[in-house]
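Let us walk through this structure step by step. Keep the 3D view open as you read.

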2 protein chains.
Amino acid sequence: MSLSEFELIRKFFKPAERPSHGIRCGIGDDAAIVSVPENFELAISTDTLVSGIHFPETTSAEDIGYKALAVNLSDLAAMGASPVWVTLALTLPNADETWLQGFMSGFNTLAEYYNLSLIGGDLTHGPLSVTIQVMGFLPKGSGLLRSGAEDNDLIYVTGTLGDAGLALKELKQDIQIDSIHTDYLSQRLNRPTPRVELGKLLHNIANSVIDISDGLLADLDHILQESGAGASIQTKDIPLSDALISLDREIALQLAFSSGDDYELCFTVPEENRENLEKASAGICRISCIGRISRPGKGIEIKDNAGRQVKLLAKGYRHF
Amino acid sequence: MSLSEFELIRKFFKPAERPSHGIRCGIGDDAAIVSVPENFELAISTDTLVSGIHFPETTSAEDIGYKALAVNLSDLAAMGASPVWVTLALTLPNADETWLQGFMSGFNTLAEYYNLSLIGGDLTHGPLSVTIQVMGFLPKGSGLLRSGAEDNDLIYVTGTLGDAGLALKELKQDIQIDSIHTDYLSQRLNRPTPRVELGKLLHNIANSVIDISDGLLADLDHILQESGAGASIQTKDIPLSDALISLDREIALQLAFSSGDDYELCFTVPEENRENLEKASAGICRISCIGRISRPGKGIEIKDNAGRQVKLLAKGYRHF
């Protein structure tokens, strides 16, 4: 007979030994009991990944475990919070122990890296999906909102854009690329890097921050709407990986602007903080200045090398 | 064109105006930012409900919204915590606004009753399921664990047992009952009452508490295992509703012992707190003393009116 839910939870959700993070009661009771240190607030974010929608059905259990956590950590990164606790609600078509072992191995790789404690979970029977909630500490009164963009702020992004979108297109055989890029692209799709370290350094440097989950234009637009601002972007400054550079330029830009799943940060910084930002980010991750905020303002203006306005077909990933 | 995820979230997840509960940033940014008052800890619990598994596919949107929240609040009740914040991750096959309106109406009915604040959420496309995380305050150092049962503790349950199980059997036409009971049973299945008020009063009264989601025997067994204890129960003391009393007695007891979804509390109380308990619970909900703990001990002994040992077929709901 296969293991029951409780036996599976005991076997696979067993938390690693980590510094206690104020955990008085973790997995195994009706609720976890935790405490937030004085002078700190709690940042909380939740995201669901559904099989066939948020990851291809062929994705390995390890990659699903890794990605589900990474995607959630990316939201905390965009708040500048330090991740501490996580709960995991996993819905599985059957109690496949090999799959669970793989999933938890991917999940734990990232959880260990960030010294995260798994404090609760639920294991249910049904179509494959994962809902994770991550919680992190923020010094009281801090936190990087979407609404703080100011006139003349520089717009930055981390890493390179469009890689996950290209990886998906390759998987669907919509596009052919040199096999030299395959491994890199599949890592970018399945194991995105949440920019937690950089996020934590953006306090007192950035005026507004968001993570790019639905595509640069869609997510930058959230900053603009919340800040009552507009933006101007230069195509020449958009950071592209070698894989994207190898494509037709128009396709590459379309991907960089509008495809989702990159989990890079997009943030705005007053000119006078430029030097601090460059010092702070050195050795952490690539950052690129791609344009400027105008406030008041509306919408995004994209300019090519010759200063001409560029029109794009799609703005971002649509969930329904 | 149907509304996008963001428009749907803005339209339906809009939090009601409630006392702020230390919320500095709610829905609409990358993460919520909240603070826990000094001298309090945070109790956190998460549960997923999958269509066709945790509720019949014919369940109304209103009832799903109500039940998904009730089930989670029941876990906080079993900790004696005061619910404050909730996040909602909803996966829907399509962006059906009428369904969403119904779901949120059921959800909000209960959220308003407990003055809960919805601080975050995710709306995704996929097979219908709901993952909710509830968070509540606990005075520092308090909290009702499963592991505290002591020798000679009285075992109590709230409400009546087996109603949700009978409602399910009626729905599946496994059993026929007088139509006079139909409304009552469907309320018990679809709108369970989380015993939050009673849970809060059990501090300093109960030694151990759990909520009955998988059936009395299965859940009491968690208390016994965590406490290294055994239990003896009398069938004559098991609280049954009129609907169950109308059944063959053996079937009624089987349901009361082994069917899930009642979301009553099961707790153990030292004899000397009996009077305090009865005073505290008066006017809140029915409680029944059904047996006694023996510690050390193992397993559950069930005795009928004549003191003979009773054997049952199934112990509790199995998730896989």
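Begin with strand 1 and strand 2 of chain B. They pair in the antiparallel sense, over 2 bridges. In this pair, Cys25(B) stands opposite Ile33(B) of strand 2 of chain B. Keep in mind that the model is predicted.

Now cross to the other chain. Strand 2 of chain B, residues 32-34, is also joined to strand 3 of chain A. These two strands run antiparallel and share 3 bridges. Here Ile44(A) stands opposite Ala32(B).

Next, follow the whole sheet. It is open and has 6 strands, in the order 5(A)-4(A)-6(A)-3(A)-2(B)-1(B). The pairing is mixed. Which strands stand at the edges? They are strand 5 of chain A and strand 1 of chain B. Each has a single partner strand, so one side of each is left without a neighbour in the sheet. On average, neighbouring strands of this sheet are turned by 20° against each other, direction ignored.

A helix joins the picture. Helix 2 of chain A lies across strand 3, strand 4 and strand 6 of chain A. Its direction is at about 140° to strand 3 of chain A.

Finally, look at the contact between the chains. How many residues does each chain give? Chain A gives 54 residues, and chain B gives 54 residues. Several elements of chain A supply at least two residues each to the side that touches chain B, among them helix 2 (61-77) and strand 8 (208-212). The largest share of that side, 9 residues, comes from strand 3 of chain A. By class, the side of chain A that touches chain B has 24 nonpolar, 19 polar and 11 charged residues.

Note on methods. Residues are numbered from 1 along each chain as its sequence is written. Chains are lettered from A and ligands numbered from 1 in the order in which they are written. This is a predicted model: local features need pLDDT of at least 70, side-chain atom pairs count only at pLDDT 80 or more; totals for chains, interfaces and linings use all residues. Two residues are in contact if their C-beta atoms, placed from the backbone, lie within 7 Å. Helices (H or I, at least four residues) and strands (E, at least two) are DSSP runs, numbered from the N terminus. Ala, Val, Leu, Ile, Met, Phe, Trp, Tyr, Cys and Pro count as nonpolar, Asp, Glu, Lys and Arg as charged, and the others, Gly among them, as polar. Two strands pair if DSSP finds at least two bridges between them. Axes are lines fitted to C-alpha atoms, for helices over the stretch in contact, and angles run from 0 to 180 degrees between N-to-C directions.
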